[in-house]
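Please look through the structure below with the strands in mind, and then with the cross-links between side chains. The paragraphs that follow take these topics in turn.

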Amino acid sequence: MHTPILSLRSLRRPWTAAGAVLAMALAFFVAVPANGSAMASGCQVTYTVNEWTGGYTAQVRITRTGPALSGWQLAWTYGGDQHVTSAWNATVTQTGHSVTAANAAWNGELAGGGTVDFGLQGTWQSADPAPADFTLNGVSCGGDGTSPPTTPPTTTPPTTTPPTTTPPTTTPPSAECGDAAVCEDFEDQTGPAPAGDWRFTAPDCQGTGAAAVDTEVAHSGTRSLRVDGHAGYCNHAFVAATADLSSVGPVLYVRMWVRHTTALPAAHVAFVSMPDSSQGGKALRIGGQNGALQWNRESDDATLPAQSPVGVGLSRSLPTGTWQCLRFSVDTSAPALDTWLDDELVPGLHADGVPTQDVDAQWLSRTTPPRPTALRLGWESYGTGDDTLWFDDVVVGSSPAGC
């Protein structure tokens with residue numbers, strides 16, 4: 001059984017992949033004025049929004065096309081009734097329709113030709129058009145967006161366009177990837193924050209966690225994804241792959257290498273979250289409870305295995321301080337799944353439609369097969385449980401990838 005605090009999850013508004021998901025990238029340019037001052041030089045802003053009914057997240061990238069800045073402040077005006085509720089990698093404030101994002105203590109230096117990314121989450125009721133009047137340190141990045149500059153900046157580096165034209169799946173790290181929808185070793189990440197085909201997100205509520213590209217710890221190569229997760233109710237920090245998994249199947253296979261620092265706690269936590277269209281976009285999750293690995297279904301809070309001594313005893317702990325190969329398969333045509341830890345099938349994390357006492361009664365109470373649509377890696381806490389995790393060599397596809 002979950003601790004009483006877990007029942008509060010029903011109050012959350014989840015990130016809903018089954019809602020209308022809108023991805024908009026708006027780029028605005030401004031020519032360098034004749035006086036050539038640093039404050040009056042150009043910039044480009046890319047605003048990418050994921051929208052659902054009543055809510056949204058936005059990833060914002062600033063590319064500096066003029067001289068370096070020591071400290072930056074991006075401002076814009078919302079044309080609808082959007083309201084920012086949280087942000088990461090920047091301090092975001094809102095007064096009426098006007099929004100200002102100021103650099104964090106560690107990302108204020110913006111080099112000429114350099115980029116900086118931050119994100120935010122918010123709500124809306126009647127309308128949420130994308131903003132089109134960005135200013136950087138008080139100078140327009142394209143005005144209202146209707147009059148492009150007659151002389152575009154000639155010094156704009158190739159990185160001014162987000163690197164979405166060459167997804168990792170076109171250059172898989174090994175032949176095992178085949179036609180996988182996701183095949184990521186994070187070696188193409190060039191900055192400290194996840195970018196390109198990976199985006200920071202807090203699907204239900206923003207907490208104090210953070211994500212970064214780590215160049216000190218890796219399973220292979222020189223880079224991995226690091227998430228610093230923290231305790232506290234509804235403390236979420238995830239990095240989501242942009243790949244659409246809704247057509248992967250009929251069996252969806254996932255392989256990843258994961259390393260973490262603190263033993264799984266007694267309270268419920270999750271480090272893999274997959275929006276599930278069969279649950280209206282609520283998540284299918286892998287995490288831990290009572291010190292052992294478990295599956296959790298957000299729509300009805302069912303767990304696999306059941307949180308009984310027998311059920312927990314049939315699961316496995318997740319060793320700390322070492323890289324572990326975690327694999328699982330989700331059948332999208334039947335309520336069945338399997339889970340392997342270092343190529344060993346975990347009996348308590350197996351469902352085949354046939355009831356097993358003290359293991360899968362809760363899980364089989366829902367017969368609609370799952371249909372994961374995306375992959376998120378990170379940390380989700382509902383009480384106790386700080387942890388630092390690394391993820392590397394992630395493969396998602398219709399065929400299994402071994403350890």
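Strand S22 (residues 324-331) and S23 run antiparallel and are joined by six bridges, where strands are DSSP runs (E, at least two residues), as helices are (H or I, at least four), numbered from the N terminus, and two strands pair if DSSP finds at least two bridges between them. This is a predicted model, in which local features need pLDDT of at least 70 and side-chain atom pairs count only at pLDDT 80 or more, while totals for chains, interfaces and linings use all residues. Residues are numbered from 1 along each chain as its sequence is written, and side-chain values use heavy atoms, with hydrogens and water left out.

Within this pairing Ser-329 stands opposite Asp-338 in S23, and a hairpin of four residues leads from S22 to S23. On its other connection, S23 is joined by two bridges to strand S24 (residues 344-345), again antiparallel, with Trp-340 standing opposite Leu-345 in S24. S23 and S24 also form a hairpin, with two residues between them, and Asp-342 in that turn has a positive phi of about 50 degrees.

How many of the six residues of strand S23 (residues 336-341) are buried? Six of the six are, so the strand is largely enclosed by the rest of the structure; buried here means under 20% relative accessible area, exposed over 50%, and partly exposed in between, with a 1.4 Å probe and protein chains only. In a regular strand the side chains alternate between the two faces of the sheet. In S23, Ala-336, Asp-338 and Trp-340 point one way and Leu-337, Thr-339 and Leu-341 the other, and all are buried.

Two salt bridges involve residues of this region, a salt bridge being a side-chain nitrogen of Lys or Arg within 4 Å of a carboxyl oxygen of Asp or Glu. Asp-343 forms one with Arg-327, the closest N and O atoms being 2.9 Å apart, and the pair links Asp-343 in the loop between S23 and S24 to Arg-327 in strand S22, 16 residues apart. Asp-343 counts as partly exposed at 45% relative accessibility, whereas Arg-327 counts as buried at 14%. The side chains of Glu-344 and Arg-316 meet in another, at 3.2 Å from N to O, which links strand S24 to the loop between helix H1 (309-313) and S22.

S22 also contributes to a disulfide, defined as a pair of cysteine sulfur atoms within 2.5 Å: Cys-325 is joined to Cys-403, S to S 1.9 Å. Cys-325 lies in strand S22 and Cys-403 in the segment after strand S26 (387-397), 78 residues apart. The torsion about this S-S bond is about -85 degrees, so the disulfide is left-handed. Cys-325 is buried, with a relative accessible area of 0%, while Cys-403 is partly exposed at 41%.

A search of the whole structure finds two disulfides, and Cys-43 and Cys-141 form one of them, their sulfur atoms 1.5 Å apart. Both Cys-43 and Cys-141 are buried, and the torsion about their S-S bond is about -110 degrees, so this disulfide is left-handed.

Elsewhere, an open sheet of seven strands has the order S13-S16-S25-S18-S19-S20-S21, with antiparallel pairing. Strand S13 (198-201) and strand S21 (302-304) stand at the edges with a single partner strand each, so one side of each is left without a neighbour in the sheet. Within the sheet, six bridges join strand S19 (residues 283-289) to strand S20 (residues 292-297), and Gly-288 stands opposite Leu-293 in S20.
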